[in-house]
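Me: I would like a close look at a single part of this model, taken slowly and with the criteria spelled out. Please keep to one region first and widen the view afterwards.

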Amino acid sequence: MPVGTNAETISTLVETARRDYRELVDAGLSFDLTRGKPSPEQLDLAAGLQELPGAGRHTAANGTDCRNYGGLQGLPEMRALFADFLQVPVEQLLAAGNSSLELMHDCLVHALLSVLPGAESRWADQERIAFLCPVPGYDRHFALCARFGIEMIPVPMTADGPDMSEVERLVGEDPAIKGIWCVPKYSNPDGTCYSDETVRRLAEMSTAAPDFRIFWDNAYAVHHLTDERVEIADLLGACAEAGNPDRAFVFGSTSKITWAGAGVAFFGSSPANLDWLLANNSKRSIGPDKVNQLRHALFLKDADGVRAHMDRHRALLQPKFEAVLGIFDEELGGTGLAEWTSPKGGYFITLRVPDGCAKEVVRLAGEAGIALTPAGATHPHGVDPDDAVIRIAPSFPGLQELAQAIRGLTTCVRLAGYEKRLAG
Ligand code: PMP
């Protein structure tokens, strides 16, 4: 029987929570857990970048002078380094500027303004464009849709990825559905890894739109938090095999490998889609920052270099994730007030509080000086219909600060949750 099932116990629990909350506010904390940013210590791991490529060194393996214009597809050595991690053949991978979000933005804009391979017309010329949005999901994906007037259709996440029966039903009947957002490994925010079956069904499903695209945002491809380095199935290969070669747009970046603001981003797809993007990109740029790409290739060296570097991130991140999970267990375990994910990688923990309480928890935390990602951010238009999901980003604060903030947060969960129970 959960704690606090009779009225008397609940009023005691509420009183204790109120007292704890007053103490929390009096402590005058000031913590920011809003975004999944690497900590300064993580950024320091790539300090060697600052010395590279080094005086007088500016030539790529193929003789390209990286200081000059050109090379729209990016340096071959940088593409070769990430081709396997992103499951894209090197000749179908593009290395670009520092932000994969920028590439996603550009793909949407180009699809709106220029006809995609396999499309009958530009998206901008169609009356209605919609994307499937697995929820909970990444707020910046949803912000892109909102920005361009793309209707968002939520689809629930399961332990294996989006609910595929729902996805298949929707894309099969509605030609306005042009895409789906997917974070296939260690997803933002719930840490889900798509099963092989999900990947196969995404590749094989029949879509009413001939120009349907999967925005496969593999932002956390190498961001493991345990000894188990989770592998997912190869979507691009599965799409080609299923006779839908142009269906996948693969994205990734080194934002959470080297420097979040000064890394290298990637786009991978079919030859036809790559040509389409290159043709569009050739109008907006004469070539990417190849000096930064050279610097990254020299710093990370090879696949083992990337893995060793990610192990160093893990050494900094894993204790933070464990601290959060330990405090949740200690403070909220057995209360029936919350459930949370234990991700094997990525940057987030999802905390689920009783329906109708997430906004209140975030408000209480904010008033106690603990800034959290706004409740609802994990859903289209910032509206979580259950008002239950809170995204926790443990990476940035120091371990002690983080522990203090999370303890404070659990007080807010107890207060909001028990108040709601008391109100009946
Ligand atoms: N995709 C996902 C799922 C993310 O969580 C993030 C960072 N929070 C990004 C993309 C941003 O990537 P980038 O820095 O390459 O623009």
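In β11, which residue is the bridge partner of tryptophan 340?

Reply: The bridge partner of tryptophan 340 in β11 is leucine 351. Before going further, note that this is a predicted model, in which local features need pLDDT of at least 70 and side-chain atom pairs count only at pLDDT 80 or more, while totals for chains, interfaces and linings use all residues. Residues are numbered from 1 along each chain as its sequence is written. Helices (H or I, at least four residues) and strands (E, at least two) are DSSP runs, numbered from the N terminus, and two strands pair if DSSP finds at least two bridges between them.

The strands in question belong to an open sheet of three, ordered β10-β11-β13, with antiparallel pairing. Its edge strands, each pairing on one side only, are β10 (339–340) and β13 (389–392). Two bridges join β10 to β11 in the antiparallel sense, whereas β11 (residues 349–352) and β13 are paired, again antiparallel, over four bridges. Within that second pairing, threonine 350 has arginine 391 of β13 as its bridge partner, and arginine 352 has valine 389 of β13.

Turning to the helices, the axes of α12 (residues 358–367) and α13 (residues 399–423) come within 9 Å and cross at roughly 135°; such axes are lines fitted to C-alpha atoms, for helices over the stretch in contact, and angles run from 0 to 180 degrees between N-to-C directions. The two helices, α12 and α13, are therefore oblique to each other, given that angles under 35 degrees count as roughly parallel, over 145 as roughly antiparallel, 65 to 115 as roughly perpendicular and the rest as oblique. On the α12 side the contact is made by Glu360, Val361, Leu364 and Ala365, and on the α13 side by Gly408, Leu409, Cys412, Val413, Leu415 and Ala416, where contact requires C-beta atoms, placed from the backbone, to lie within 7 Å. By class, this contact of α12 with α13 has eight nonpolar, one polar and one charged residues; Ala, Val, Leu, Ile, Met, Phe, Trp, Tyr, Cys and Pro count as nonpolar, Asp, Glu, Lys and Arg as charged, and the others, Gly among them, as polar.

Elsewhere, an open sheet of eight strands with mixed pairing has the order β2-β9-β8-β7-β6-β3-β4-β5. In this sheet β3 (residues 130–135) and β4 (residues 151–158) pair in the parallel sense over six bridges, and cysteine 133 stands opposite proline 154 in β4.

How values were computed:
Two residues are in contact if their C-beta atoms, placed from the backbone, lie within 7 Å.
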